[in-house]
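Biologist: Could you take me through one part of this model in detail? I'd like to know how it sits against its surroundings and what holds on to it.

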Amino acid sequence: TSTNKSTYAGQGDLTRLPIPSLEETLERFITTVSPLLTSEEKETCRNEVNNFLQTDGPKLQNLLVEYDEKGRAEGTLGSYVEEFWSDAYLAPD
């Protein structure tokens, strides 16, 4: 049987991607880049990450959560990564 539903008709019914905590994100970042860094660079990286965690990180994390909640409430955003993904990978250069 064929239906006339659009490709994205069920988009709103999909489970939303959770936003990882800032700490989890930063730990994953360190784990990912560590094999590429010297011991000195790892120490510098960890210091920069700790600085970010104490300064701009929490504010940016809150803005991301607010962005996601607003998009969900207004029905304009399926996921917090949706717009960024589209801009980065689907938009013409």
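Modeller: Happy to; what follows is a close look at helix H3 and its links. Please keep in mind that this is a predicted model. Helix H3 runs over residues 56-74, and its 19 residues should span 27 Å at 1.5 Å a residue; the end C-alpha atoms are 27 Å apart, so the two values agree. Its buried residues are Gly 57, Gln 61, Asp 68 and Gly 71. These cover an arc of only 95° around the axis, which puts them on the same side of H3. Helix H1 (22-33) and helix H2 (39-54) are among the parts that cover them. Turn to the other side of H3 and you find Lys 59, Lys 70 and Ala 73 exposed. Just past the end of H3, Gly 75 takes a positive phi of about 70°.

Now for what holds on to the helix. Of the buried residues, Asp 68 is worth a pause: its relative accessible area is 5%, yet its side chain meets that of Arg 16 in a salt bridge, 2.7 Å from N to O. Arg 16 lies in the segment before H1 and Asp 68 in helix H3, so this pair ties together parts that are 52 residues apart in sequence. Unlike its buried partner, Arg 16 counts as partly exposed, because its relative accessibility is 22%. The pairing also extends further: salt bridges with shared partners join Arg 16, Asp 68 and Arg 72 into one network. In total, the structure holds four salt bridges.

Terms used
Residues are numbered from 1 along each chain as its sequence is written. This is a predicted model: local features need pLDDT of at least 70, side-chain atom pairs count only at pLDDT 80 or more; totals for chains, interfaces and linings use all residues. Side-chain values use heavy atoms; hydrogens and water are left out. Helices (H or I, at least four residues) and strands (E, at least two) are DSSP runs, numbered from the N terminus. The expected span of a helix is 1.5 Å times one less than its number of residues. Buried means under 20% relative accessible area, exposed over 50%, partly exposed in between (1.4 Å probe, protein chains only). The arc is that of the directions from the helix axis to the C-beta atoms. Contact means heavy atoms within 4.5 Å.
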